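Me: I have a structure open and some questions about it. Please keep the answers short.

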Amino acid sequence: MPALADPLIAWYADAARDLPWRRPGFGAWGTLVSEFMLQQTPVARVIPHLEAWLMRWPTPTDLAAAAPADAVRQWANLGYPRRALWLHRAAVEIRDRHDGVVPRDVDALLALTGIGDYTARAVAVFAYGDRHPVVDTNTRRVLARAVDGRAQPGAPGKRDLAAMAAQLPADDAAAAVVNAAAMELGALVCTARSPRCEDCPLAGRCTWRAAGYPDTGDARRKQARYEGSDRQARGAVLKRLREDTAHALPQDAVLPDWPDARQRDRAIDSLVADGLVEAEDGLLRLPR
DNA sequence: CAAGCGTGGAC
DNA sequence: TGTCCAAGCTT
């Protein structure tokens with residue numbers, strides 16, 4: 001049995017949060033939607049949106065029948081609205097290529113729009129119970145500290161999957177728990193800013209702790225400033241279009257008072273290039 | 001592969 | 001206040 005598996009399993013049995021996607025019978029579609037929403041958006045903000053989404057579109061086929069615009073509006077302020085578009089495309093692909101059933105095979109999941117290494121394996125493991133390494137930012141941090149003796153993870157790579165695979169027990173169900181437990185530990189205890197090592201089930205075998213918490217540097221990219229950025233302009237344009245009850249606006253009616261008109265126009269162009277906005281006859285609207 | 005991509009809460 | 005951070009993905 002790998003070194004971290006038993007303490008992680010024991011800790012998780014007691015400390016795991018009661019989250020909607022962990023309820024028995026939540027379903028592969030619910031799991032898939034939750035994972036899309038959780039890509040870079042905190043758990044607490046996701047939960048209400050997830051429940052509303054699944055109420056409106058209980059199956060991939062239901063979402064596939066909707067207009068992309070409805071998905072983007074329903075996404076509301078979750079951020080990174082391309083995910084709404086990608087989730088809609090994935091639903092169409094599931095309807096057309098998989099008879100409306102969320103695939104179980106990792107390669108089939110990876111072939112869906114908006115699904116990468118993390119999400120594909122999260123669905124295969126948490127929805128279907130198969131045995132794969134699931135590696136998110138929390139897991140990467142836990143492994144960096146406990147195994148590698150580093151304060152922060154290095155650049156993400158395929159090595160991360162191998163590192164987690166080495167920690168998985170042979171049994172499918174136990175492996176799924178270890179995957180979930182590593183993520184949960186990173187979210188609740190082995191946190192980025194102030195880790196609570198006194199509460200950590202791995203403290204006794206943590207390489208970083210044993211070394212005296214050295215500052216090993218931080219390979220992570222710094223996040224660009226948001227205030228005044230193109231991203232902010234894109235967000236403002238899309239918010240205006242989401243909230244437009246007529247569902248189509250003349251281009252010169254969108255953010256006429258934005259401080260930087262060139263930036264606003266650049267934002268609109270890039271949203272059109274991304275397929276988040278359609279421009280036709282001088283009107284802007286969400287994609288139909 | 002490094003950069004670009006939203007939004008809001010915590011400190 | 002500004003900075004950091006959050007179950008990543010695509011190009």
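Me: Which base atom of DNA strand C does Arg-193 approach with a polar side-chain atom?
Reply: This is a predicted model, and the distances are computed from it. The polar side-chain atom of Arg-193 lies 2.9 Å from its partner on the strand. A polar contact needs a pair of N or O atoms within 3.5 Å, so this pair counts. The partner in DNA strand C is a base oxygen.

Me: Which elements give two or more residues to the surface near DNA strand C?
Reply: The surface near DNA strand C takes two or more residues from each element in this list. The elements are α2 (28-38), α8 (117-127) and α9 (137-146).

Me: Which residue puts a side-chain N or O atom 3.3 Å from a base nitrogen of DNA strand C?
Reply: Two contacts are worth setting side by side. A polar backbone atom of Thr-137 is 3.4 Å from a phosphate oxygen of DNA strand C. The base nitrogen instead pairs with the side chain of Tyr-118.

Me: How many residues surround DNA strand C?
Reply: Among the closest are Trp-21 and Gln-223. By class, this surface has 9 nonpolar, 8 polar and 9 charged residues. Of the strand atoms within 4 Å of the protein, 63% belong to sugar or phosphate. The number of surrounding residues is 26.

Me: What share of the DNA strand B atoms within 4 Å of the protein is sugar and phosphate?
Reply: DNA strand B is surrounded by 18 residues, with Tyr-80, Pro-81, Arg-221, Arg-231 and Arg-234 closest. Sugar and phosphate account for a share of the strand atoms within 4 Å of the protein, and that share is 52%.

Me: How far is the side chain of Arg-221 from a base nitrogen of DNA strand B?
Reply: Backbone atoms reach this strand too. A polar backbone atom of Leu-78 is 3.2 Å from a base nitrogen, and a backbone N or O atom of Tyr-80 lies 2.9 Å from a sugar or linking oxygen. For Arg-221, an N or O atom of the side chain sits at 2.7 Å.

Me: Which element gives the most to the surface near DNA strand B?
Reply: Two elements give two or more residues to this surface, α6 (82-97) and α13 (230-242). The surface divides into 4 nonpolar, 6 polar and 8 charged residues. The top contributor, with 4 residues, is α13.

Me: What is the volume of the second largest pocket?
Reply: Its lining includes 6 residues from α13, the largest share. The lining also draws at least three residues from each of domain 1 (1-222) and domain 2 (230-285). By class, the lining has 8 nonpolar, 5 polar and 6 charged residues. The volume is about 580 Å³.

Me: Which class makes up 12 of the residues lining the largest cavity?
Reply: The structure holds 1 cavity of 30 Å³ or more. The largest cavity has a volume of about 110 Å³, and Arg-145, Cys-190, Cys-197, Cys-200 and Cys-206 are the lining residues nearest its centre. No lining residue is polar and 3 are charged, while the 12 are nonpolar.

Me: Which element gives the largest share of the lining of the largest cavity?
Reply: At least two lining residues come from each of α9 and α12 (207-210). The largest share is 3 residues, and it comes from α9.

Me: What does the UniProt annotation for residues 37-188 say?
Reply: Over these residues the chain is 63% helix and 0% strand. The end C-alpha atoms are 19 Å apart. The annotation comes from an unreviewed UniProt entry, and it reads "domain: HhH-GPD".

Methods: Residues numbered from 1 in each chain as written. Chains lettered and ligands numbered in written order. Predicted model: local features only at pLDDT ≥ 70, side-chain atom pairs only at ≥ 80, totals over all residues. Heavy atoms only, no water. Near = heavy atom within 4 Å. Polar contact = N/O pair within 3.5 Å; in protein donor to acceptor, adjacent residues only side chain to side chain. Nonpolar A, V, L, I, M, F, W, Y, C, P; charged D, E, K, R; others polar. UniProt positions renumbered as here; feature names shortened; annotations may be inferred. 1 Å grid on protein atoms, 1.4 Å probe; cavity = no way out; pocket = protein on both sides within 12 Å on 5 of 7 lines; lining within 4 Å. Points joined across faces, edges and corners; volume = space filled by probe spheres on them. Domains from an automatic or database assignment.
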